[in-house]
Every structure is written in C-alpha cells, then in structure tokens.
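This report describes a pair of chains, taking in the fold, the interface, the core and some individual residues.

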Amino acid sequence: MNSDSNPVLTLAWTFAAMSLFAVGGANSAIPEMHRVAVDVNHWLSDQQFTDVYAIAQLSPGPNVLIVTLIGYSVAGLLGALVATVAMCVPTAVLALIVSRFLTRASQARWPGIVQAALVPLSIGLMGASGFILARTSDRTVVAVLVTVGAAMLASVTRLNPLWMLLAGGCAGFAGLIG
Amino acid sequence: MPPDSSSAALAAPDISTSPPSLLTLFIAFAKMSLAGFGGVLVWARRGIVDQHKWMTADEFNETFALCHFLPGPNIVNLSFVFGSRLRGLPGAVAAFSGLVGPPALIMVVMGVLYHRYGDIDALRRILSGVACAAIGLMLAVVFRMMTPLLKRRDVIALLLMVAVFIAIGIARLPLAAVLLAAIPISIAITWWMRRAA
C-alpha cells in the first residue's frame, strides 16, 4: 500500500492511462493490470489476482469488468466505480471522436495499415496474459491438463465457453487441481 | 450508409425515421451484456444486426473494426460509438450504461462475496479450477489469431509477436514503454511491406 497518496486517485490515473495502451481489448492489458496491482502497488496477491480473473470470466458482461473487481478490492464501492469509469470512458470518447473524423474524411488506407500492424502486438500481449496467469494457476499436472483441454475444446468446437469454466470449477471442487 | 442492392435495402434498418428511445437502447445493451459470458461480441451482433436491425452486418463489421483497432475495451467503445450514431451523446451514454452498469453491479456483488467467503476452502478450489479453464480459453483465442500469421509464414509479424510476449510476459516491462517502441516499428514495417508488395 502506498500511504502517501490516495488509492482512489491512483486507481483513476492508472487505469485511465492503461486503457489507452490496451491494444486489441481488455485481455491485452491483463499483464499490465497484474504488474500494477500485484508487483507495484501490492493491492492483491498473485493468488487473489488469479481468483479475480476467474470471477470476472464466470460473470456476464464485457471482459474489461475485471477492473471493477480490482477497484473494489482496493477501495470498496468507490474504487469499483472509479476503476470502471477510468478504464472505459477515455477510450470510448476517443473512439467517438475518431469515428466522426473517419466518416468525414475517409482515409481507408491508414486504418488498415495500423490495424494490421497492431495484430501481432495484441497476440503477443494476450499470450503474455495467459503465461502470467498460468504461472500461478497451473502448478499441478491436472491443472495443466484442464488448461490444455479447455484450449483444445475451444479451438475445435463451438461449445459455449461457460461449460468449460464450469467443468474446471467442478474439477477444482473435487480437489483435482491441488 | 444504406447498401445499394435492393434485396439488402429491404432488410436495411430505417434509422432516420424511428431512432429507438434511450430506455430501449439501455435495455437492449443490458440484455446483450448480461447474456454474454466470456465475451459480449456475439450477442451484440445478434442484438444490433439480427434482432433490432439497427445496423446492417457490413455496418456492424466496419464499426467493430474501428473499435478494435482503437485501444481500450472494444465492445465498450462500440456501445459508445453506436449509441451516439443513433441518439447523439445521450444515446452513447444510454448504450454504455446498459452495457457496463448491470454487469458491473453483479461484479461488485461477486467482490463482496469473495471478500467475505474467499477463504473458504471449497470456494478456493473451485476458483482455481475455473482459472485453469479460463486460461485455456484465452490461449485458444491466441492460437486462433496466430493461425493466419502462421499460414502466411509472416516471419516478421511472428517475431514482433514473440518480442512483445518476452518483453511483457517474461521481462515484465511496463506496457506503455513496450508499445511506444513496438507500435511505430510495427507500423513502419507493415507500411514498407505493403509498399513493396
């Protein structure tokens, strides 16, 4: 905990700045959220961060709402509200401005180039997200099997992901994950 | 922009004459959001294009592409841009609050429960199991996005991808620093490759 500054202000500033670098969506920002929440500010432990990620995946709504849970852990209701607004509003306003600008002077070439250029970066970021979370979660053979199984099922079938999360939860409840 | 072909024009939304009310927007986005476990995009497409016919499939794809290439939570960006197209800034706020408000409330309830009961052993075990599966789902997305790069044998893109993975996942460098270096490099390479092609 940093005692010299207000944690709510830290939440606001941190997530507003982070959102502007979340290329490819909220899941790309997971490593940065982990770095800020666990390593820098010690808001959460490694285990709590993974728990929070699991809860966010189990709940309906956009993936970005993991920040609501982080905010709640740091500063209660106000923290939840501030973190959510800070992570969502700046980029939403940016999107609004850019969409107006693009419909007025449509330069079809540059958005295509920028988009293609961002694809490998956001894949690398999401891979890093999986890696960072797996370091805490996948400590037993069965845990790794659950992860690999879910990855394969989600790749080759169109099964609703919720079933795989529930199956993972059942394996955990049965004490198989360790 | 309405499409030219007459068959598509029949199915095209008639936005100009009957913009939905702010409450309708709020409820529609709340429904999509609450239906969306593990991603709202599928439900947003179903709601906006198929059910309410507020956009054609092409318009939806274009808007989503824009929101995907901009930073931040894509679907949240989409709700804001879409709401403002239909009803201006109040529409943007209505769609955004519908998308984010109700699930955020659920998330707060989950937070309260986690902080009260998070130490219970059974819950701990369940959450670790869920986390393992959730990580698998994320890896599946990574593989799906990587496939086109592998098929094209796009070595430079794959190298950039691995470099970002190492810088962020292993070296744990700050996101802003990594991207301020990686984005210009990647854009320059992409631009140069397209010019050469």
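The text below goes from chain A to the interface and core, and then to chain B.

**Chain A**

The model is predicted. For chain A the mean pLDDT is 89, with 94% of residues at 70 or more. Within this chain, α2(A) has the highest mean pLDDT of the elements, 95, and α5(A) the lowest, 88. Chain A contains seven helices and zero strands, so its elements read α-α-α-α-α-α-α from the N terminus. Along the principal axes, its C-alpha atoms fill a box of roughly 60 × 50 × 25 Å. Of its 178 residues, 53% count as buried. Of the contacts in chain A between residues at least 6 apart in sequence, 62% join residues at least 24 apart.

**The interface between the chains**

Chain A puts 89 residues into the contact and chain B puts in 81 residues. On the chain A side, the elements giving two or more residues are α1 (7-19), α2 (30-40), α3 (46-58), α4 (66-104), α5 (109-137), α6 (141-156) and α7 (161-173). The largest share of that side, 23 residues, is from α5(A). By class, the side of chain A that touches chain B has 59 nonpolar, 26 polar and four charged residues.

**The nonpolar core**

The largest nonpolar core has 115 residues, and A:Ile66, A:Ile70, B:Ala134 and B:Val164 have the most contacts inside it. Helix α5(B) gives the most to this core, 17 residues. Apart from neighbours within four places in sequence, B:Ala134 is in contact with A:Tyr53, A:Ala54, A:Gln57 and A:Leu165.

**Domains of chain B and residue B:Val100**

The domain assignment of chain B gives domain 1 (6-117), domain 2 (121-148) and domain 3 (154-197). The C-alpha centres of domain 1 and domain 2 of chain B are 25 Å apart.

B:Val100 lies in helix α5 of chain B, residues 74-117. B:Val100 counts as buried because 30 other C-beta atoms lie within 10 Å, where the cut-off is 20 or more. With neighbours within four places in sequence left aside, the contacts of B:Val100 are A:Thr84, A:Cys88 and B:Val76. Between B:Val100 and B:Ala177, 77 residues apart along the chain, the C-alpha separation is 29 Å.

**Helix α7 of chain B and the loops around it**

Helix α7(B) covers residues 155-170, 16 residues in number. From first to last C-alpha this helix reaches 21 Å, close to the 22 Å expected at 1.5 Å a residue. Its buried residues are B:Ala157, B:Leu160, B:Met161, B:Val164, B:Phe165, B:Ala167, B:Ile168 and B:Gly169. As a general point, an α-helix has 3.6 residues a turn, so residues three or four places apart point the same way. B:Val164 is also one of the residues with the most contacts inside the largest nonpolar core.

B:Arg153 is in the loop between α6 (121-151) and α7 of chain B, and B:Arg172 is in the loop between α7 and α8 (175-196) of chain B. Neither B:Arg153 nor B:Arg172 is a glycine, yet each has a positive phi, as tabulated here.

| Residue | Phi | C-beta neighbours within 10 Å |
|---|---|---|
| B:Arg153 | about 50° | 8 |
| B:Arg172 | about 55° | 14 |

Why is B:Arg153 classed as exposed? B:Arg153 counts as exposed because it has 8 C-beta neighbours inside 10 Å, and the class takes in residues with 12 or fewer. B:Arg172, with 14 other C-beta atoms within 10 Å, is therefore partly exposed.

Conventions: Residues are numbered from 1 along each chain as its sequence is written. Chains are lettered from A and ligands numbered from 1 in the order in which they are written. This is a predicted model: local features need pLDDT of at least 70, side-chain atom pairs count only at pLDDT 80 or more; totals for chains, interfaces and linings use all residues. Helices (H or I, at least four residues) and strands (E, at least two) are DSSP runs, numbered from the N terminus. Two residues are in contact if their C-beta atoms, placed from the backbone, lie within 7 Å. Ala, Val, Leu, Ile, Met, Phe, Trp, Tyr, Cys and Pro count as nonpolar, Asp, Glu, Lys and Arg as charged, and the others, Gly among them, as polar. The expected span of a helix is 1.5 Å times one less than its number of residues. A nonpolar core is a set of buried Ala, Val, Leu, Ile, Met, Phe, Trp, Tyr and Cys residues joined through C-beta atoms within 7 Å. Domain bounds come from an automatic or database domain assignment. pLDDT is the predictor's confidence in each residue, from 0 to 100.
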